[in-house]
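Me: I would like a close look at one part of this model, with enough of the surroundings to place it. Please take a single sheet and follow it into the core that its strands help to form.

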Amino acid sequence: MKTWIRWGGIGVISLAVLGAVGWKVVMHPETASLPMTAGIGAHPELPQPNHTFFPTINVATPIGWPDGQAPVAAQGLSVSAYARNLDHPRWLYRLPNGDILVAESNSPKTDISTLKNRIANFVMGKVGAGAPSPNRIILLRDTKHDGSADTRTVFLDHLYSPFGMALVGNDLYVANANAIFRFPYHDGDTRIDAPGSKVTDLPAGYNHHWTKNLLASPDGRFLYVTVRSNSNVADNGMQVEEGRARIDRLDLTTGKLTPYATGLRNPNGLAFEPESGALWVAVNERDEIGSDLVPDYITSVKEGSFYGWPYSYYGQHIDTRVSPQRPDLVAQAIMPDYALGPHTASLGIAFSHDADLLPDTWRHGLFVAQHGSWNRHPKSGYRVIYVPFADGKPSSTPVDVLTGFLTPDEAHVHGRPVGLTLDRAGALLVADDVGGVVWRVTGKNE
């Protein structure tokens with residue numbers, strides 16, 4: 001009897017060990033074979049795809065920021081909270097008078113129900129993106145000019161997963177998940193009660209990648225609009241990707257929406273480079289072919305250009321999962337300007353030329369918020385970086401601006417950076433959606 005118990009105990013332990021090993025294989029069927037640096041730069045290293053039966057899932061559980069704790073700023077910089085206790089702050093926009101608009105938003109949860117999407121929704125819930133959308137825009141104002149917002153009002157509410165914002169004259173444009181709306185705005189307004197008018201519909205229905213961003217052209221004639229793909233690599237056919245994976249341009253005079261650049265899987269942050277005037281975008285690339293592929297990137301955007309999705313990545317590297325193949329389109333695919341590492345989820349961008357409260361070494365490039373990976377082993381992103389520029393192009397290796405979002409063991413996350421903007425004084429503001437904070441970065445002596 002004692003022998004049976006002993007062997008039975010060993011059997012139970014063995015089953016538990018096998019179960020743990022099996023779960024690890026399911027969650028982490030592969031791991032990166034290259035250092036992160038290999039996937040960064042103008043010519044990233046692109047190994048052979050690593051196809052696995054299960055995609056890699058490697059999430060960090062959100063735990064928030066303990067009292068008095070903040071991200072770690074780079075040497076010579078300091079960080080403080082501009083506003084706390086926000087509800088999933090995703091995107092930032094600075095009005096001309098210095099007020100900061102914060103889109104509190106999350107997915108509209110209109111995705112179709114497939115096994116893959118159920119897994120994705122589970123993962124998004126684990127990383128802090130599963131809560132109902134607040135569907136509003138908050139206005140923050142620093143009346144004391146001390147680097148923190150002392151006025152907070154609900155500026156617009158009853159929206160539909162809002163994201164991008166742009167002011168042109170007295171018209172404030174807001175990109176919901178399904179349409180662009182226009183609202184009347186007057187300098188100093190702290191709330192808009194007037195009903196908005198719909199300017200144009202945007203691809204919606206089910207909305208796997210729901211965010212839409214806006215950027216007004218310098219002359220106020222156009223709005224550039226990002227529309228993300230509805231799947232990883234056209235998993236449900238190209239018919240449901242109609243009008244997606246692209247940057248559109250909306251003519252505000254005629255109301256006509258036309259494609260500006262296509263083949264961009266998940267375009268997010270938009271900004272004009274100050275010296276060249278070129279439009280730049282941050283793009284999240286595809287998943288499920290290994291921890292080393294595919295690097296997310298920043299690139300200048302050429303009108304009429306095609307960047308490969310879903311048929312190829314990083315130029316003309318063919319994705320064999322897509323059927324039917326389109327060699328005619330692959331032959332047109334343009335290689336992006338600069339890779340930022342695989343699965344970093346690079347989202348918000350802001351050029352730093354007006355960052356007057358930062359030292360000069362930080363004022364000649366591009367800030368990028370990396371929301372962080374859920375499907376790379378080991379994890380990547382979870383930081384704000386700075387990419388130096390010269391002559392309108394990235395000129396050297398990115399450097400960290402803010403870190404410390406991940407715990408040292410990488411099992412938990414305090415927050416995740418998303419939207420970026422510069423405040424009127426020249427400090428960098430960072431929306432941390434999981435932490436519920438807008439952080440403010442300045443030089444040490446400011």
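Reply: What follows describes one open sheet, the core it contributes to, and then some other parts of the chain for context.

The model is predicted. Mean pLDDT for the protein chain is 92, with 90% of its residues at 70 or more. The exception to keep in mind is residues 1–21, where pLDDT stays under 50 and the model has 0 contacts beyond four places in sequence. The protein chain contains 3 helices and 32 strands.

The sheet in question is open and has 4 strands, in the order β4-β32-β31-β30, with antiparallel pairing. At its edges stand β4 (77–83) and β30 (417–422); each has a single partner strand, so one side of each lacks a neighbour in the sheet. From one strand to the next, the twist averages 25°. The pairing of β30 with β31 (residues 428–432) is antiparallel and runs over 4 bridges. Within that pairing, Thr 421 is placed opposite Leu 429 of β31.

The strands of this sheet also feed the largest nonpolar core, which has 26 residues; Trp 362, Phe 367, Val 401, Leu 402 and Leu 428 touch the most other members. At least two core residues come from each of β4, β25 (365–370), β26 (383–390), β28 (399–403), β30, β31 and β32 (437–443). The largest contribution is that of β32, with 3 residues. In general terms, nonpolar side chains in soluble globular proteins tend to be buried together.

Trp 362 deserves a separate word. Leaving out residues up to four places away in sequence, Trp 362 touches Ala 74, Gln 75, Leu 77, Ser 352, Phe 367, Tyr 386, Val 399, Asp 400 and Val 401. Apart from this core lies another, of 21 residues, which includes Ile 247, Ile 289, Val 301 and Tyr 314.

Strand β15 (residues 246–251) is mostly covered, with 6 of its 6 residues buried. Side chains in a regular strand alternate between the two faces of the sheet. In β15 both faces are covered: Arg 246, Asp 248 and Leu 250 are buried on one side, and Ile 247, Arg 249 and Asp 251 on the other. β14 (residues 222–227) pairs with β15 in the antiparallel sense over 6 bridges, and Tyr 224 has Arg 249 of β15 as its bridge partner. β15 also pairs with β16 (residues 257–262), again antiparallel, over 5 bridges. There, Asp 248 is bridged to Pro 259 of β16. The hairpin of β15 and β16 has 5 residues between the strands, and Gly 255 in this hairpin takes a positive phi near 80°.

Two partly exposed strand residues complete the picture. Pro 62, in β2 (residues 61–62), has a relative accessible area of 27% and is partly exposed. Its C-alpha is 8.1 Å from that of Gly 435, although Pro 62 and Gly 435 are 373 residues apart in sequence. Thr 151 belongs to β8 (residues 151–156) and is partly exposed at 21% relative accessible area; the cut-off for buried is under 20%. Beyond four places in sequence, Thr 151 is in contact with Leu 139, Leu 140, Arg 141 and Thr 143.

For the protein chain as a whole, 54% of the 446 residues count as buried. Of the contacts between residues at least 6 apart in sequence, 61% join residues at least 24 apart.

How values were computed:
Residues numbered from 1 in each chain as written. Heavy atoms only, no water. Pairing = 2+ DSSP bridges. Axes fitted to C-alpha atoms, helices over the stretch in contact; angles between N-to-C directions. Core = buried A, V, L, I, M, F, W, Y, C linked by side-chain atoms within 4.5 Å. Buried < 20%, exposed > 50% of the residue type's maximum accessible area, 1.4 Å probe, protein only. Contact = heavy atoms within 4.5 Å. pLDDT = per-residue confidence, 0-100.
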